Amino acid sequence: MAVPARTCGASRPGPARTARPWPGRGPQPGPGARRSLWLLLPPLLLLPLLAAPGSSAYSFPQQHTMQHWARRLEQEVDGVMRIFGGVQQLREIYKDNRNLFEVQENEPQKLVEKVAGDIESLLDRKVQALKRLADAAENFQKAHRWQDNIKEEDILYYDAKADAELDDPESEDVERGSKASTLRLDFIEDPNFKNKVNYSYTAVQIPTDIYKGSTVILNELNWTEALENVFMENRRQDPTLLWQVFGSATGVTRYYPATPWRAPKKIDLYDVRRRPWYIQGASSPKDMVIIVDVSGSVSGLTLKLMKTSVCEMLDTLSDDDYVNVASFNEKAQPVSCFTHLVQANVRNKKVFKEAVQGMVAKGTTGYKAGFEYAFDQLQNSNITRANCNKMIMMFTDGGEDRVQDVFEKYNWPNRTVRVFTFSVGQHNYDVTPLQWMACANKGYYFEIPSIGAIRINTQEYLDVLGRPMVLAGKEAKQVQWTNVYEDALGLGLVVTGTLPVFNLTQDGPGEKKNQLILGVMGIDVALNDIKRLTPNYTLGANGYVFAIDLNGYVLLHPNLKPQTTNFREPVTLDFLDAELEDENKEEIRRSMIDGNKGHKQIRTLVKSLDERYIDEVIRNYTWVPIRSTNYSLGLVLPPYSTFYLQANLSDQILQVKYFEFLLPSSFESEGHVFIAPREYCKDLNASDNNTEFLKNFIELMEKVTPDSKQCNNFLLHNLILDTGITQQLVERVWRDQDLNTYSLLAVFAATDGGITRVFPNKAAEDWTENPEPFNASFYRRSLDNHGYVFKPPHQDTLLRPLELENDTVGILVSTAVELSLGRRTLRPAVVGVKLDLEAWAEKFKVLASNRTHQDQPQKQCGPSSHCEMDCEVNNEDLLCVLIDDGGFLVLSNQNHQWDQVGRFFSEVDANLMLALYNNSFYTRKESYDYQAACAPQPPGNLGAAPRGVFVPTIADFLNLAWWTSAAAWSLFQQLLYGLIYHSWFQADAAEAEGSPETRESSCVMKQTQYYFGSVNASYNAIIDCGNCSRLFHAQRLTNTNLLFVVAEKPLCSQCEAGRLLQKETHSDGPEQCELVQRPRYRRGPHICFDYNATEDTSDCGRGASFPPSLGVLVSLQLLLLLGLPPRPQPQVQVHASRRL
């Protein structure tokens, strides 16, 4: 029974389709097949079609015919690889040179324990230095005598921002001429710091919004000067120390060695008290509920101040903290989708910040509703939270109610929840109730009358939280190690050891102990220094070491590669986001966080280095805790990396002989050699240009020997051995073969030792693979896959198609060389060929045709004969393609598709690719890249008004009360400041930190990869679309990563289905509101200091509200407009007890 021919649109030239038989029935589709798109033909339709006598007929190829074509393709690929790849010959070469190397074993448990011990020793040296600094600081401050009359000229120090301020003619300090107390230093370049430094002095950084001449700051500078000698002594004992920093609770940062501050191009908002390492060291974890008054009296500028204050408050929280934000008037409700406390990580805080901007003022003030909501949140024990430092932060413009009954019900008499109140805006309300709330609940009262007070007053609550730590004494003196973050002085990614510094003074004999935290000591450790303690090249291309903290964030991981960093936030990449998540990895992560040892072999998915492919692999995970830290270390090894080769080239004559094959003079006969840019010797100059790097390497080797102490003997010996071994492959296999006979552009071999040899030499001109085999996608995938791995040239849909000129476009085919030595198996090399795309496309047509070889004439279908269509004669009607395991086009019988080789097949034939996916030939894997960089978004504010300024309504202007209010004068003041210092309103957060407007910002990208599904045999199906239906046959090619597909070409466009997407796309990431309902396992710090019976809570804020003075305000504005700035007053609110 024949399938009726279909008609759609204009007729197509070429052989007419009179009927289409169904040639054979393959396996049924897998359970994942979406049968709504499929019509499996009944058995009657599978009978062969007999063409009517006297008619010319072409039918769709029968299944056995297409299977025959597939076998021919498999045999051709296998034959070429056997002749030119040289897998067997390379095995023999290794065995012939068995006396030149030893086989070493990677013992996972011993390896991971050794590395963990080395990291522990490294960090312990920093801990000892930290303790010396903290003890010295406490003693220096205790011995210091407070000076009320101290002046700027009495203090001599190096102001790290002095040079930048001198270069800025508008700088306030330049105008005042206050540089007499500032040292001018000379600096030398130090590669360890990636900066110019001076080892004889410390440097001081003071935040922009703090007046350097205040008595508090000058006394701070006075006593911290003595730390200079301790810094120097620490460096003498441990020359590997990097930045040593004391961050003071007053905002002063003193660091060693001295270096100029990395001045931003706009406003410098750096304040040490807002750095992740300071926040972590200054207090225990927090459970915080922020409630915001949005009653009708809160409007305009006051509401704007509140929104900004909440955002700044969120920035004082770290990943060890939990938070929720709610607004209230008569009722209280969360501002976001979060209905309970959530971890204060970067993504959750972003949700809060966006939600806060949508708050609208209306209704009447109801403190009771707000506080009851907050207490209920803190009492919810069914969720993950910090269980430490419970607090409520209330922002309001004022009110009469003290809600004592609420406190009696929820918080008294134990007062386990601290209450901090913030009076926002300039108004005449009685603030006594707000003060009382804070004082009655072990909190503090703050005032935020204008935007300049926000940053200071939203971070000083940390002083209160530090009281129990100070009172706990030595018990609280524990070093904590931070998350990974970007160093503000240019070291790159670091972790910091922190130790709090306490005030040990007493106000008088028999008086209570001082309960103020002086600040936090910190010592940086660069991640690169930790990486140097891990084995690099003995683990193979796919083995690696990683480490995570108690949050599950990676400290070390090959996939930790943030494209851009914001130094205000830590780099928090979860282990399950660094790899493709599965249940086994969740168990491993939990065990590591719990501080356990373990080992597990798992089958898992890995993403290729170029992020285009997914491979299912076997990996062995081994892990141990790093003692005395919150970190845990893991080792990942593929089974084939259990053993590795270690060269033993004691014969110097042989060393010289093999080394000569690295000389460019040998390339013409032996093929071009690329060497991996590794750290072979200390004096070897690195270069991104491999030719230049090879030149530097050869020049150095003419001066030193491979056994030199300044060189890595393991790397050098293995490199030279592999140079000789790959040269023997040229000699035994490649040199005597004619590559053109099989349409090959090149043959190549790459090794673990770092050699990539490409033959012939001219082929190196078009070689685009990474010279480091461990960083080459073809190399790593070949090790993980059996058989031959095809890699078409990468194409971006935004770029122009491939240019098929001079036969330069090639397709890599590679395979791993598996070596068995006794009972030990390893894969020390990968070999392969580079196919000429155009020639192999023609060969592909012949192999998938009724011809037995290329010279045989094409078979013609006469008037009285019936023929099956093939991929050569009937290329007008039949589409034949090879697609790789990632869904990328490798070869096609359609000449117009040759320039689309390397593209995702959905971009070539969306209908057919969807059919393959729906029928389980492909499986899709979606994941998120949290380390991507995106172009900056255009500014949302396109108006001419300065950003951040409240614009009053007409009703406000007509209201006499508004004109007489402090809000009006505050607005008038800010507008006038805006006229003079307009950059304060123009600069957004990124600009303020010094980022150029065109700088890329961190973002989330959604990645989609496809890989072979469950169908492993040949399969026939029809894409059901009425008269536009298409028959197709698909079959995996044995021992390759290819899918052979034969399909009718589409005649209609009515059935074009949705296109599968593979290209990376911008995303907001997974829905945060859903993620917080199933939080990932984590553990907080094991100790909590949030209560001490001896704590003195009498210092709880005694702010005053002053009515505006018309005369003072006008005088101030006139002075500003005339360019005569008054002498600045201290811009910090200093508590009476902050006096040192």
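1. W767 is worth a look to start with: in this predicted model the residue is buried, at 9% relative accessible area. Its ring partner F748 counts as buried too, at 0%. The two ring centres are 5.0 Å apart with the planes at 55°, so the pair is tilted. It ties together distant parts of the chain, with F748 in strand β29 (residues 744-751) and W767 in the loop between β30 (755-759) and α24 (777-784), 19 residues apart.

2. There are 45 aromatic pairs in the structure. Another one to check is W412 with W436, an edge-to-face pair at 5.9 Å centre to centre and 70° between the planes. W412 sits in the loop between α12 and β15, W436 in helix α13, 24 residues apart. W436 is partly exposed, at 22% relative accessible area.

3. Staying with α13 (residues 432-439), its buried residues are P433, L434, Q435, M437 and A438. Their cover includes α11 (367-379), β14 (390-396), α12 (404-410), β15 (417-424) and β16 (444-448).

4. Now the open sheet: five strands in the order β36-β35-β41-β40-β39, with antiparallel pairing. β36 (889-892) and β39 (1019-1023) are the edges, and neighbouring strands are turned by 25° on average, direction ignored. Between β40 and β41 there are five bridges; F1032 has A1047 in β41 as its bridge partner.

5. Two helices lie across strands of that sheet. α25 (residues 837-847) crosses β35, β36 and β41 at about 60° to β36, while α26 (residues 910-918) crosses β35, β39, β40 and β41 at about 55° to β40.

6. Finally, charges over rings: the charged end of K477 sits over F502, 5.0 Å from the ring centre, and that of R590 over Y1081, at 3.9 Å.

Definitions and conventions
Residues are numbered from 1 along each chain as its sequence is written. This is a predicted model: local features need pLDDT of at least 70, side-chain atom pairs count only at pLDDT 80 or more; totals for chains, interfaces and linings use all residues. Side-chain values use heavy atoms; hydrogens and water are left out. Buried means under 20% relative accessible area, exposed over 50%, partly exposed in between (1.4 Å probe, protein chains only). Helices (H or I, at least four residues) and strands (E, at least two) are DSSP runs, numbered from the N terminus. Contact means heavy atoms within 4.5 Å. Two strands pair if DSSP finds at least two bridges between them. Axes are lines fitted to C-alpha atoms, for helices over the stretch in contact, and angles run from 0 to 180 degrees between N-to-C directions. Rings of Phe, Tyr and Trp (its six-membered ring) pair if their centres lie within 6.5 Å; planes under 30 degrees apart count as stacked, over 60 as edge-to-face and the rest as tilted. A charge sits over a ring if NZ of Lys or CZ of Arg is within 6 Å of the ring centre and within 35 degrees of the ring normal.
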